[in-house]
Amino acid sequence: MTEPTRALPLVLTPPKGRGKPPRHLADLDATERKAAAADLGEPVFRVKQVAHHYFARLERDPAQMTDLPAASRDRIAGALLPDLLDQVRVMEADGGTTRKTLWRLFDGSLVESVLMRYPDRATICVSSQAGCGMACPFCATGQGGLQRNMSTAEIIDQVVDGAAAMAKGLVPGGPGRLSNVVFMGMGEPMANYKAVIGAVRRMVAPAPDGLGLSARNITVSTVGLVPRMKQLATEGIPVTLALSLHAPDDELRNELVPINTRFSVAEVVEAAWEYAKVTKRRVSIEYAMMRDINDQAWRADMLADVLNSYGDWGWVHVNLIPLNPTPGSKWTASRPEDEREFVRRLVARGIPTTVRDTRGSDIDGACGQLAAADA
Ligand code: SF4
């Protein structure tokens with residue numbers, strides 16, 4: 001699920017049929033790491049050394065891995081840490097505390113990640129697919145269609161890059177630690193379930209097997225692929241689930257989120273509620289505020305009623321997402337007074353509600369626009 005944006009005329013050329021991304025250390029579980037060591041003709045501890053550099057030191061440069069034998073350093077590191085992300089462009093906003101990076105993958109696909117530093121945390125928003133097949137009409141990424149699923153390592157490498165930028169003090173505020181990951185870049189994470197859950201496992205595993213992040217600080221979003229939401233609840237990793245609802249009624253949601261014709265509002269909200277029940281994690285309902293489309297006061301009441309029908313035990317909160325103002329577009333930002341009334345009505349019905357800050361709106365902060373501009 002990406003942040004919503006104005007619909008841009010996109011020409012993304014799908015670079016299909018060029019094979020899989022190179023296999024990377026972050027793709028491997030413990031057994032596969034052993035096999036990789038054997039393939040390299042090296043003892044298992046060499047792989048562990050590389051894992052320590054990558055996950056704990058956030059180091060990808062073989063020259064800096066001085067505990068590896070000089071003669072075989074490049075060969076070992078090259079085999080385990082192939083370059084996956086080629087940086088095309090970095091754009092900064094909010095005084096440098098928002099950094100949006102456009103990446104070219106091995107096959108030419110373009111994806112992006114956004115690092116956002118706040119006083120109390122640093123969050124990276126990652127992509128999980130190149131393009132997206134969900135075809136939400138208000139989303140630039142959705143207009144280009146799906147190019148391909150990203151690999152676990154392609155997802156993790158975005159996080160490692162953000163963590164390294166924080167550790168090296170590249171973001172104003174001095175050296176710091178990446179604390180949060182949100183899957184709200186390009187793509188529908190639940191449509192690339194295996195790679196996404198693999199990436200989540202690497203994120204929460206303690207170093208040197210992973211990045212040692214807290215599951216509570218990882219948010220996986222979805223437009224509502226119900227079977228996968230149910231599966232996620234059984235993984236035993238209590239990540240935060242964000243359901244991109246955008247409308248409380250099937251008639252409008254069928255238009256805004258076409259997958260709704262397969263999984264209705266009632267089905268996706270029930271799956272979200274089940275997730276909260278099983279994991280004891282409060283679910284976030286994402287709702288992009290679109291002027292005169294889904295921001296009417298009566299829809300706020302309807303949204304509250306839908307959510308409250310599952311009880312008011314604090315299982316849910318609503319996160320309203322302001323669209324970028326796009327004069328003349330059908331998809332534009334709500335009027336401030338309509339937004340205020342929407343919030344007021346939800347809160348009056350006992351629904352905790354926040355309005356997302358609009359980080360990076362001066363750098364085409366809404367997902368999909370950077371890739372579109374360079375395609
Ligand atoms: S088209 Fe895909 S990336 Fe865009 S809003 Fe829909 S699910 Fe998210």
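**Exercise 1.** In this predicted model, determine whether R60 is buried, partly exposed or exposed, and find which acidic residue pairs with R60 in a salt bridge.

*Solution.* Begin with the accessibility of R60, whose relative accessible area is 31%; because buried requires a value under 20% and exposed a value over 50%, R60 is classed as partly exposed. Next, look for the partner, which is D157, with the closest N and O atoms of the two residues 3.2 Å apart. Then place both residues: D157 belongs to helix 5 (residues 152-167), while R60 sits in the loop between helix 2 (44-56) and helix 3 (70-80), so this salt bridge ties together parts that are 97 residues apart in sequence. Finally, check D157 itself, which has a relative accessible area of 3% and is buried.

**Exercise 2.** Identify the residue with which R356 forms a salt bridge, and state where each of the two lies.

*Solution.* The partner of R356 is E286, and their closest N and O atoms are 2.9 Å apart. R356 is found in the loop between strand 12 (353-355) and helix 12 (369-374), whereas E286 is part of strand 10 (residues 283-289), so the pair ties together parts that are 70 residues apart in sequence. R356 counts as buried at 16% relative accessibility, and E286 is buried as well, at 3%.

**Exercise 3.** State how many salt bridges a search of the whole structure finds, and name the residues that are linked in a network.

*Solution.* The search gives 20 salt bridges. The network of salt bridges links D301, E341, R344, R345 and R349.

Conventions:
Residues numbered from 1 in each chain as written. Predicted model: local features only at pLDDT ≥ 70, side-chain atom pairs only at ≥ 80, totals over all residues. Heavy atoms only, no water. Salt bridge = Lys/Arg side-chain N within 4 Å of Asp/Glu carboxyl O. Helix = DSSP H or I, 4+ residues; strand = E, 2+ residues; numbered from the N terminus. Buried < 20%, exposed > 50% of the residue type's maximum accessible area, 1.4 Å probe, protein only.
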